[in-house]
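User: I would like to learn how to read the features of a helical model. Please take me through them one at a time.

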Amino acid sequence: MVRILLSTRLGERRLTQADLSRMTGIRKNTISELYNEIATRVSLDHLDLICEALGCELTDLIVRTPNKESWVKTRTGAPLPSKGEQ
């Protein structure tokens, strides 16, 4: 699962979503979707602007945690083996 830590980064800097929207020119609705982690797609340009505005690296903004179950299938449709089964 990919998580966007925008709420954490804004809180650390005591900035609001509106502040970030003004700083970057990104629509408030887009910032809100990222902040609330409901965005299903993310623009690379937006990520770049946000990192520049917050003075952070992409790795400070986005983290990936393993999914409990793999959603990826092999060509035969079987689930991929877990790391312990390889």
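Analyst: The turns below go from the overall layout to helix packing, helix faces, single residues and backbone angles. Keep in mind that this is a predicted model.

User: How many helices and strands does the protein have, and in what order do the elements run?

Analyst: There are 5 helices and 2 strands. Starting at the N terminus, the order is β-α-α-α-α-α-β. Of the 86 residues, 21% count as buried. Among contacts with a separation of 6 or more, 57% are between residues 24 or more positions apart.

User: How is the packing of two helices described, and what are the values for helix 1 and helix 3?

Analyst: Two packed helices are described by the angle between their axes and the distance between the axes. Here the axes of helix 1 and helix 3 come within 8 Å, and they cross at roughly 105 degrees. Angles of 65 to 115 degrees count as roughly perpendicular, and helix 1 and helix 3 are therefore roughly perpendicular to each other. On the helix 1 side the contact is made by Leu6, Ser7 and Leu10, and on the helix 3 side by Ile31, Leu34 and Tyr35. Sorted by class, this contact has 5 nonpolar residues, 1 polar residue and no charged residues.

User: Is Leu6 of helix 1 buried or exposed, and which residues is Leu6 in contact with?

Analyst: Leu6 has a relative accessible area of 1% and is buried. Apart from neighbours within four places in sequence, Leu6 is in contact with Leu20, Ile31, Leu34, Tyr35, Ile50, Leu54 and Leu61. For one of these, Ile31, the separation from Leu6 is 25 residues in sequence and 8.7 Å in space, C-alpha to C-alpha.

User: How do I read the faces of a helix? Which residues of helix 4 are buried?

Analyst: Begin with the burial of each residue, then look at the directions around the axis. In helix 4, residues 44-54, the buried residues are Leu47, Ile50, Cys51 and Leu54. Viewed down the axis of helix 4, these buried residues fall within an arc of 100 degrees, so they line one face of the helix. Asp45, Asp48 and Glu52 are exposed on the other side of helix 4.

User: What do the buried residues of helix 4 pack against?

Analyst: Their partners are helix 1 (6-13), helix 2, helix 3 (28-35), helix 5 (58-61) and strand 2 (62-64).

User: What is found at the N-terminal end of helix 4, and what just after the helix?

Analyst: The N-terminal end of helix 4 is capped by Ser43, with a side-chain oxygen 3.2 Å from the backbone nitrogen of Asp45. Just after helix 4 comes Gly55, with a positive phi of about 60 degrees.

User: Which residues of helix 2 are buried, and where do they pack?

Analyst: Leu20, Ser21 and Thr24 are the buried residues of helix 2. The arc they cover around the axis is only 100 degrees, which puts them on the same side of helix 2. The buried residues of helix 2 pack against helix 1, helix 3 and helix 4. Gly25, just after helix 2, takes a positive phi of about 80 degrees.

User: Why does Ser21 count as buried, and what lies by its side chain?

Analyst: The cut-off for buried is under 20% relative accessible area, and Ser21 counts as buried because its relative accessibility is 10%. A polar atom of the Ser21 side chain lies 2.6 Å from the backbone oxygen of Ile26. Leaving aside neighbours within four places in sequence, Ser21 is in contact with Ile26, Arg27, Lys28 and Ile31.

User: How does Asp19 of helix 2 read in terms of exposure and polar contacts?

Analyst: Asp19 is partly exposed, at a relative accessible area of 21%. Its side chain makes a polar contact of 2.7 Å with the side chain of Arg22.

User: How should I read a positive phi, and where do Arg14 and Glu37 lie?

Analyst: Most residues other than glycine have a negative phi. Arg14 is not a glycine, yet has a positive phi of about 55 degrees. Arg14 is in the loop between helix 1 and helix 2 and counts as exposed at 77% relative accessibility. Glu37 also is not a glycine and has a positive phi of about 55 degrees. The place of Glu37 is the loop between helix 3 and helix 4, and at 33% relative accessibility Glu37 counts as partly exposed.

Note on methods:
Residues are numbered from 1 along each chain as its sequence is written. This is a predicted model: local features need pLDDT of at least 70, side-chain atom pairs count only at pLDDT 80 or more; totals for chains, interfaces and linings use all residues. Side-chain values use heavy atoms; hydrogens and water are left out. Buried means under 20% relative accessible area, exposed over 50%, partly exposed in between (1.4 Å probe, protein chains only). A polar contact is a pair of N or O atoms within 3.5 Å; within protein, one must be able to donate a hydrogen and the other to accept it, and residues adjacent in sequence count only if both atoms are side-chain atoms. Contact means heavy atoms within 4.5 Å. Helices (H or I, at least four residues) and strands (E, at least two) are DSSP runs, numbered from the N terminus. The arc is that of the directions from the helix axis to the C-beta atoms. Axes are lines fitted to C-alpha atoms, for helices over the stretch in contact, and angles run from 0 to 180 degrees between N-to-C directions. Angles under 35 degrees count as roughly parallel, over 145 as roughly antiparallel, 65 to 115 as roughly perpendicular and the rest as oblique. Ala, Val, Leu, Ile, Met, Phe, Trp, Tyr, Cys and Pro count as nonpolar, Asp, Glu, Lys and Arg as charged, and the others, Gly among them, as polar.
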